[in-house]
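Thanks for sharing this one. Here are my notes, set out as numbered points so that you can check each against the coordinates.

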Amino acid sequence: MVRANEEVEALLQEYADLIAITGGDAFKARAYEKAARAIGGHPTDVSRLDVAGLKEIPGVGRSIAEKVVEYLRTGNVTVVEETRARIPAGVRQLITIPTLGPKKAMTLYEDLHISSVAELADAIKAEKLRDLKGFGKRTEENILHGIALMQQAGERILLGTAMESAEDIVAELSRITGCAQCAYAGSLRRMRETIGDIDVLVAADRSAPFMDALTELPSTAEVVAHGAKKTSIRTVTGVQVDLRVVRQDSWGAGMQYFTGSKAHNIRTRTIAVHLGLKLSEYGLFDAGSGERVASRSEDEVYARLGLPWIPPTLREDRGEIEAGLRGELPQVVTVDDVRGDLHTHTDLTDGLAPLEEMVAAAADRGYAYYAVTDHAPGLAMQRMTEEKVLAQRERVRSLDGRHRGMRLLHGTELNIGPDGDVDWPGEFLAGFDICVASVHSHFGLGREAMTRRLVRACENPHVHVLGHPTTRLIGRRPGIDADLDEVFAACARTGTALEINAQPDRLDLGDEDILRARSHGAKFAVDSDAHSLLHLAHLRYGIGTAQRGWLTPDDVINTWPLRRLRRFLRKDRAA
Ligand code: DGT
Ligand code: CA
Ligand code: CA
Ligand code: ZN
């Protein structure tokens, strides 16, 4: 991801929020929001563009382009600063509560002088919101729920956000003279869906140059602790990073220890004790003589414990130790196993890039096949029609096989209605190579109705993949309430794949649900749901999540050769 683009995206998004809060033109606010997304998803560095170059980005007009140039030149935009000054920081904090929009935030501020999340929670408890226009009991419940979600997410950050910071830091530290090894460990290496802090490990003889370098990085905002063994900083985006430097001959033991998880480490240490050994971050030692018996590589450490090397994504004490001791660890699916992406968008609906560019970028990733699945008409704002999607099909057919021989599938992302119906009749759906079907509305149906809705979608012979099955947004929206065991069983029975949506704020299904679905015998599709060129690379977060669900390539339909995939897409078990 390009840092300047991200900064500009954040700035324009903030400005859009500011416009909305101050009761400005809603159309203008939406224009800034759209431009923010377009720049965030733009594949090349916007700091190299002038006004004319910027204007070529879809959604960026002259006035926005000029503000971007002003920002890139001076670090500030005058009108943004001015608008910012008119609004207390507390109100900007209020709109970070999921379910609380800018308008309501402003009302709360103006009528009740509420300017922090804590004050808002108090006011709700004191029933002070009851008399406000536009607020009801339902609003109060929603806000309280939003605050709870926010607190639950706590200080943890999304996997994708942590990964980008960590990779930058690892790259910086790796350049320093004397660096024998450098890698991230902790929950990030285990690919948990959220990350508390980033743990980085360096192998070197001298620690000081690395500790100093970390405190001096441009992205470092605050030094929390600065020592010879461990240094902790907080980045400008508020993430804590712990750096430890170990000697080269302890690298494997250090990585094993700091990768965790704690529960996994307790198991490995116990095994060591039973073998008359002692395991620490420095190595595996003979408990009697104190002699070091293994430490250079993780492989060596695990081998001495009678275990195969265990993929970090499995290290949660969820059966991996037992499986390892029996020699039955799964060969988990990897990014290299993936042959194609089965859920992606273009600018025909809400994607940012045109079809040709998405296809070329997918081919560059080495895919054997690639599905284009723009939104169906049920999402009214996307204005899809039969004519448009058929015209797209022509373009897809003409591009088929033209990029490195990559085959194209023409598909769509259908909307599952409250009754389980989807947008188009069967005969029209039969014309698509693949249909993903997702819930995009009516999130609050009761459990029984929701279960029936999803099962009916699976039973539709034209639905191949259940998209982002729970619709959760991590830290912002809980998953829908349904009897997932029944849904997973229906997927297995009908030959409908469950999506593992790889967008870092979705990761839907999550690891625990994957484990359950797998026990029902369901198959999976790990998809990027890309809305821009850059999103295609998010696939790795989906693969990490699939690994945490113990999936092998046989479980994941988009690792299969196209012939086998096409058989699955026929949905007739006899084939
Ligand atoms: P996080 O940061 O909350 O997302 O989760 P982790 O797993 O990265 O936890 P963290 O950063 O506290 O520690 C990184 C790893 O270091 C952890 O997974 C295991 C190891 N570790 C750290 N402190 C301890 C400890 O006191 N006891 C044990 N057994 N292991 C520890
Ligand atoms: Ca950590
Ligand atoms: Ca840590
Ligand atoms: Zn969707």
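In which loop is Leu509 found?

1. Let me start with that question, keeping in mind that this is a predicted model. Leu509 sits in the loop between strand 16 (497-501) and helix 22 (511-519). The peptide bond joining Asp508 to Leu509 is cis, with omega at about 5 degrees, so please have a look at that spot.

2. There is a second cis peptide bond to inspect, between Gly260 and Ser261, where omega is about -5 degrees. Ser261 has its place in the loop between helix 13 and helix 14. While you are checking backbone geometry, look at Asp317 too: its phi is near 55 degrees, a positive value in a residue other than glycine. Asp317 belongs to the loop between helix 15 (298-304) and helix 16 (320-325).

3. Next, the overall layout. The domain assignment divides the protein into domain 1 (4-153), domain 2 (157-246), domain 3 (251-326) and domain 4 (335-574). Taken over C-alpha atoms, the centres of domain 1 and domain 2 are 30 Å apart.

4. Ligand 1 deserves a careful view. Its surroundings comprise 16 residues, and the closest are Arg156, Ser187, Arg190, Gly196 and Asp197. By class, this shell holds three nonpolar, seven polar and six charged residues. Why can ligand 1 be placed between two domains? Domain 2 (157-246) and domain 3 (251-326) both contribute residues to the shell, so ligand 1 lies between them.

5. Some individual contacts of ligand 1 are easy to find on screen. Ser187 has a polar side-chain atom 2.5 Å from an oxygen atom of the ligand, and a polar side-chain atom of Asp199 lies 2.9 Å from a ligand oxygen. From Arg269, an N or O atom of the side chain is 3.4 Å from a nitrogen atom of ligand 1. On its own ligand 1 exposes 600 Å², of which the protein buries 72%. Helix 11 (186-189), helix 13 (251-259) and helix 14 (262-274) are the elements that give two or more residues to its shell.

6. Now to the calcium ions. For the calcium ion (ligand 2), the protein donors are Asp197 (O), Asp197 (OD) and Asp199 (OD), at 2.2 to 2.5 Å. The site has six donor atoms with angles of 69 to 164 degrees among them, and it is irregular. Asp199 thus appears both here and in the contact with ligand 1 described above.

7. For the calcium ion (ligand 3), the protein donors are Asp197 (OD), Asp197 (OD), Asp199 (OD) and Asp242 (OD), at 2.3 to 2.6 Å. Along the chain these donors follow the spacing D-x1-D-x42-D. Distant parts of the chain are linked here: Asp197 lies in the loop between strand 3 (194-195) and strand 4 (198-203), and Asp242 in strand 7 (residues 240-246), 45 residues apart. Which residue bridges the two calcium ions, ligand 2 and ligand 3? That residue is Asp197, and the ions lie 3.6 Å apart.

8. Lastly, the zinc ion (ligand 4) is coordinated by Glu413 (OE), His440 (NE2) and His468 (NE2), at 2.1 to 2.3 Å. The donor residues are spaced E-x26-H-x27-H in sequence. Glu413 in strand 13 (residues 407-415) and His468 in the loop between strand 15 (465-466) and helix 21 (484-494) are 55 residues apart, a pair linking distant parts of the chain.

Note on methods:
Residues numbered from 1 in each chain as written. Chains lettered and ligands numbered in written order. Predicted model: local features only at pLDDT ≥ 70, side-chain atom pairs only at ≥ 80, totals over all residues. Heavy atoms only, no water. Near = heavy atom within 4 Å. Polar contact = N/O pair within 3.5 Å; in protein donor to acceptor, adjacent residues only side chain to side chain. Areas by Shrake-Rupley, 256 points an atom, 1.4 Å probe, with all protein chains shown as cover. Helix = DSSP H or I, 4+ residues; strand = E, 2+ residues; numbered from the N terminus. Nonpolar A, V, L, I, M, F, W, Y, C, P; charged D, E, K, R; others polar. Domains from an automatic or database assignment. Donors = N, O, S within 2.8 Å, 3.2 Å for Na, K, Ca; no water. Tetrahedral: all angles 85-135°; square planar, octahedral: opposite > 155°, others 65-115°.
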